[in-house]
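Grab a pencil and work through a few packing and pairing puzzles. Try each task yourself before reading the solution.

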Amino acid sequence: MTDNTRTAPLRRTPLHDVHVKAGARMVPFGGWEMPVQYTGIIEEHRAVRRAVGLFDISHMGEFEIEGPAALATVQRLATNDASSLAVGQVQYTLLCYPDGGIVDDLTLYRLGDARFMLTVNAANIDKDWTWVTERGGGASGWRNVSDETALLAVQGPRAEGLVHRLADCDVTRVAYYHFLRGTIAGVPALISRTGYTGEDGFELYVPGSRAEALWYALLDAGRADGIQPVGLGARDTLRLEMKFALYGNDIDQTTNPLEAGLGWVVRPAKGDFIGRSAIEAVRAQGLTRKLAGFEMVEPSVPRHGYRLLDNGAPVGVVTSGSFGPAVERYIGMGYVPAALAAVGSELQVEIRGKPQPARVVRTPFYPSRVKKA
Amino acid sequence: MSNVPADLRYTREHEWARVEGDRARIGITAFAQEQLGDVVFVELPKVGARVTAMQGFGVVESVKAVSDLFAPLSGEVVEVNDDLAKKPETVNADPYGQGWMIVIRCADLRELDALMSAADYEKLIAAAGH
């Protein structure tokens, strides 16, 4: 069956040719041609946990909003309380539909008293841009800077030392979920202590034209640290070990923040926002299902789309699953009936028609090593 | 650069067979393991099971993919590589050696005629752009 849905060519980040030259396997992801691996997913995953890994995540989108209505607009659109952000601070937040389903998950940066940046998922850039400009009370004040912004992530226990050596400022003072502006290897950057791996590290927002220079500078300076370029394959296994949601897998327009375990970024007391009443109604009624992390009892690989069973009865579906290279277990997550979401609950994952035993476990599967105060 | 041992026979589905008397040792090729990526799980039949040429006898899973295994030859499984349960990555590291999967007692060695020589298999994977 031919797929005529994609006639537009895949988009490329400024580092596309760099990846090809490095021998990366390139695959389509959310409309982009991205490196899924360079040497191998497991090796790259372990390099991040043991040393430091370098990711090209320039495909992600960045929107800025500025002006006297900026804070009010962001407060109306997103679930978390942006008024609590200091300039130089970041928060994880959600855009929701009126029925409480999720438009996207994102990080929100306070660049100034009346200036914010939203970093959104690559696959949702167009959808989110339409959403914020139409639902945010008008298009004025919004700028889509995705096309000119490159984003590199440096993650792992040796990330701080490496970035600090190349920085013109003291990055060791940047607290988790904070940022500052400086230069890294002479490249002007917004240096953000954030990430999607559970390791300490930074995400570096730089002009697209400077991305290649920064990439090679980091690889060069990090050689003695054991730095490796890391593709989307290991990015996925790393976030899975942390039970971080992936939009499109674990959260989407059919899931609400509470059942996804994201109630901590929903702040109804801050004032009204799109989806607030629907989410509060869910809170009042109680959850019927919850996103739970589980591990397989016997070696077997749970995957997105596989059915979850409770003594043979279908009760849910795996939203994400794989082998966790650092925990060395087969792990996954999926929505289960609320009664089955407690740690220790036993269930089965249907793999090739056979129920394979699994149990709900405490998450994250791997301990977080981000640098909290 | 190709890694296609001359003494083996090959299927179009990237399995290899090494004839050992009336038996055949079976695995997947270097090309196959490279295409798959890091192998994390191998599902194999038990000793005593029967396999049929060009029908599925198991599954090999990588982080990103699930792939059926097709028997090059028909016969009865007489040995299974249990090491792969603990170290599935051996398939990547040594696909023609320690990464072997099953040994069968062949039902009909004339089935070898239907398999590709190393030279033909090399042409197949070259055409795949490798």
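Below are six exercises on this predicted model, each with a worked solution.

**Exercise 1. The α2/α7 pair in chain A**

Work out how α2(A) and α7(A) are oriented: are they parallel, perpendicular or oblique to each other? Then find the residues that meet.

*Solution.*
Step 1: start with the axes. Those of α2(A) and α7(A) come within 8 Å and cross at roughly 55 degrees.
Step 2: classify the angle. Angles of 65 to 115 degrees count as roughly perpendicular and those under 35 degrees as roughly parallel. The crossing angle therefore makes α2(A) oblique to α7(A).
Step 3: get the hand. The crossing of α2(A) and α7(A) is right-handed.
Step 4: list the contacts. From α2(A) come A:Ile41, A:Glu44, A:His45 and A:Val48, and they meet A:Gly233, A:Ala234, A:Thr237 and A:Leu238 of α7(A). Sorted by class, this contact has four nonpolar, three polar and one charged residues.

**Exercise 2. Where the two domains touch**

Find the domains of chain A, and say which element gives the most to the domain 1 side of their contact.

*Solution.*
Step 1: mark the bounds. Domain 1 of chain A is 16–56 + 147–241, and domain 2 is 288–360.
Step 2: place them. The centres of the two domains, taken over C-alpha atoms, are separated by 31 Å.
Step 3: look at the contact. Seven residues of domain 1 of chain A are in contact with seven residues of domain 2 of chain A.
Step 4: assign the domain 1 side. Both α2 and α7 of chain A supply at least two residues each, and α2(A) gives the most, with four residues. That side of domain 1 divides into two nonpolar, two polar and three charged residues.

**Exercise 3. The chain A side of the A–B contact**

Which elements of chain A give two or more residues to the side that touches chain B, and how does that side split by class?

*Solution.*
Step 1: count. Eleven residues of chain A are in contact with eight residues of chain B.
Step 2: trace the residues back to their elements. The ones that give two or more are α2 (41–50), α7 (232–241) and β16 (313–324) of chain A.
Step 3: sort by class. This side of chain A has five nonpolar, six polar and no charged residues.

**Exercise 4. A sheet with two helices on it**

Give the strand order of the five-stranded open sheet of chain A, then work out which strands its helices touch.

*Solution.*
Step 1: walk across the sheet. The order is β5-β6-β7-β4-β8 (chain A), with antiparallel pairing.
Step 2: find the edges. β5 (90–96) and β8 (142–144) of chain A each pair on one side only.
Step 3: check the turn. On average, neighbouring strands are turned by 30 degrees against each other, direction ignored.
Step 4: zoom in on one pair. β6 (residues 102–112) and β7 (residues 115–120) of chain A are antiparallel over six bridges, and A:Gly112 stands opposite A:Arg115 in β7(A).
Step 5: add the helices. α3 (residues 70–77) of chain A lies across β4 (61–66), β5, β6 and β7, running at about 130 degrees to β4(A). α4 (residues 125–135) of chain A packs on the sheet and touches β4, β5, β6, β7 and β8, with its direction at about 15 degrees to that of β4(A).

**Exercise 5. From hairpin to third strand in chain B**

Start at β2 of chain B and follow the pairing: which strand does β2(B) form a hairpin with, and which residue of β9(B) is the bridge partner of B:Arg23?

*Solution.*
Step 1: β2 (residues 15–20) and β3 (residues 23–28) of chain B run antiparallel and are joined by six bridges. B:Ala17 stands opposite B:Ile26 in β3(B).
Step 2: inspect the turn. β2(B) and β3(B) form a hairpin with two residues between them, and B:Gly21 in the turn has a positive phi of about 75 degrees.
Step 3: move on from β3(B). This strand pairs with β9 (residues 102–106) of chain B in the antiparallel sense over four bridges, and the bridge partner of B:Arg23 in β9(B) is B:Arg105.

**Exercise 6. One more helix pair**

At what angle do α5(A) and α6(A) pack, and which residues make the contact?

*Solution.*
Step 1: α5 (residues 159–166) and α6 (residues 211–221) of chain A pack at about 120 degrees, with their axes 10 Å apart. The crossing is right-handed.
Step 2: the contact is made by A:Leu162, A:Arg165 and A:Leu166 of α5(A) with A:Ala217, A:Leu218 and A:Ala221 of α6(A). By class, that gives five nonpolar, no polar and one charged residues.

Technical notes
Residues are numbered from 1 along each chain as its sequence is written. Chains are lettered from A and ligands numbered from 1 in the order in which they are written. This is a predicted model: local features need pLDDT of at least 70, side-chain atom pairs count only at pLDDT 80 or more; totals for chains, interfaces and linings use all residues. Two residues are in contact if their C-beta atoms, placed from the backbone, lie within 7 Å. Ala, Val, Leu, Ile, Met, Phe, Trp, Tyr, Cys and Pro count as nonpolar, Asp, Glu, Lys and Arg as charged, and the others, Gly among them, as polar. Axes are lines fitted to C-alpha atoms, for helices over the stretch in contact, and angles run from 0 to 180 degrees between N-to-C directions. Angles under 35 degrees count as roughly parallel, over 145 as roughly antiparallel, 65 to 115 as roughly perpendicular and the rest as oblique. A crossing is left-handed if the near helix is turned anticlockwise from the far one by less than a right angle, and right-handed if clockwise. Domain bounds come from an automatic or database domain assignment. Two strands pair if DSSP finds at least two bridges between them.
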